[in-house]
Amino acid sequence: MVGEGVLHECLQHDEVEEILIVGRRSCGITHPKLKEIIHPDFYYLASIEHRLTGYDACFFCLGVSSVGMKEAEFYKLTYILTMNFATTLVNRNPAMTFCYISGAGTDSSEKGRTMWARVKGKTENDLMKLPFKTVYNFRPGIIKPTKGLKNTLNFYKYLGWLIPVIQLIAPNSLTKLKDLGLAMINAADKGYEKQVLEVTDIHLLAKR
């Protein structure tokens, strides 16, 4: 859902000249700006590595829910996969800005009781140690989907009526998918003073 929403904003944005999607299956979109690599295994990128050169930014939107998952499995799918992809990119694009979709409540200390938050925290911390131009970790909280897109999660389809209530009582826990996409584009284009962006930062950056 996030990847589709961010792509939607990139395709419409005048400052974005070219987009390369790397995915396990086709996104099903055709556009003059868009190129695509279908690759089944993100742990082994050697066969496509030469095609990942010459880009200014990576918007890394891949992620899984930790519900029902053991820590070892979640660690592999979240930390190992992300770091493998990021390390491959930085070796070929040291001037790249790397934008990572993390989550509200991520544990930067890596020592808390919540498993997913510790793993996300380690992922954020180790990404920021890589020699990219800059790394930005986005923590969007609850995401309001963009109307008309096809990959909206079932949670939002069936409980979307709660979003206006959440927006009223806890506005700093909710991010529009449109704003998240714009904030990522602006981070790569204009920069931001923080590397870890909470919901309020995302709102501010989306308007720049």
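Which residue stands opposite Cys99 in E4? In this predicted model, the residue that stands opposite Cys99 is Phe59, and the close-up views below begin with the sheet to which strand E4 belongs.

**View 1. The open sheet of four strands, with the order E3-E4-E5-E8 and parallel pairing.** The edges of the sheet are taken by strand E3 (57–60) and strand E8 (196–197), each of which has a single partner strand, so that one side of each is left without a neighbour in the sheet. Strands of a sheet pair through backbone hydrogen bonds, and this pairing is either parallel or antiparallel. Between E3 and strand E4 (residues 97–101), which run parallel, there are four bridges. Two facing positions can be located here, with Ala57 opposite Thr97 in E4 and Phe59 opposite Cys99 in E4.

**View 2. Strand E4 and its cover, with five of its five residues buried.** The residues of E4 point two ways, with Thr97, Cys99 and Ile101 directed one way and Phe98 and Tyr100 the other way, and all of them are buried. Met96 belongs to the loop between H2 and E4, and this residue counts as buried because its relative accessibility is 2%, which falls under the 20% limit for that class. Although Met96 and Thr134 are separated by 38 residues in sequence, their C-alpha atoms are 7.2 Å apart in space.

**View 3. The salt bridge between Arg92 and Glu49, one of ten found in a search of the whole structure.** The closest N and O atoms of Arg92 and Glu49 are 3.4 Å apart. This pair links distant parts of the chain, since Arg92 is in helix H2 (residues 71–92) and Glu49 is in the loop between strand E2 (34–38) and E3, with their positions 43 residues apart. Both partners are partly exposed, Arg92 with a relative accessible area of 36% and Glu49 with a relative accessible area of 23%.

**View 4. Arg139 and its salt bridges with Glu124 and Glu198.** Side chains of opposite charge can pair when their charged atoms come close. For Glu124 and Arg139, the closest N and O atoms are 2.7 Å apart. Glu124 lies in helix H3 (residues 115–127) and Arg139 in the loop between strand E5 (134–138) and E6, so this salt bridge ties together parts that are 15 residues apart in sequence. Both Glu124 and Arg139 are buried; the relative accessible area of Arg139 is 6%. Arg139 also meets the side chain of Glu198 in a salt bridge, at 2.9 Å from N to O. Here the linked parts of the chain are 59 residues apart, with Arg139 in the loop between E5 and E6 and Glu198 in the loop between E8 and helix H7 (199–206). Whereas Arg139 is buried, Glu198 is partly exposed, with a relative accessible area of 31%. A further group of residues, Lys122, Asp126 and Lys129, is joined into one network by salt bridges that share partners.

**View 5. Glu110, a residue other than glycine with a positive phi.** Most residues other than glycine have a negative phi. For Glu110, by contrast, phi is positive, at about 65 degrees. Glu110 is placed in the loop between E4 and H3, where it is partly exposed, with a relative accessible area of 30%.

**View 6. Two charged patches on the surface, one positive and one negative.** The patch of positive charge gathers Lys144, Lys147, Lys176 and Lys207. Among them, Lys147 is located in the loop between strand E6 (142–144) and helix H4 (154–159), and this residue counts as exposed because its relative accessible area of 83% is over the 50% limit. The patch of negative charge gathers Asp14, Glu15, Glu17, Asp56 and Asp189. One of these, Asp189, is in helix H6 (residues 177–190) and counts as partly exposed, at 44% relative accessibility.

Technical notes: Residues numbered from 1 in each chain as written. Predicted model: local features only at pLDDT ≥ 70, side-chain atom pairs only at ≥ 80, totals over all residues. Heavy atoms only, no water. Patch = residues over 30% accessible without salt bridge, like charges linked within 9 Å, V, L, I, M, F, W, Y side chains within 5 Å. Areas by Shrake-Rupley, 256 points an atom, 1.4 Å probe, with all protein chains shown as cover. Salt bridge = Lys/Arg side-chain N within 4 Å of Asp/Glu carboxyl O. Lys, Arg positive; Asp, Glu negative; His and termini not counted. Charge placed at Lys NZ, Arg CZ, Asp CG, Glu CD. Buried < 20%, exposed > 50% of the residue type's maximum accessible area, 1.4 Å probe, protein only. Pairing = 2+ DSSP bridges.
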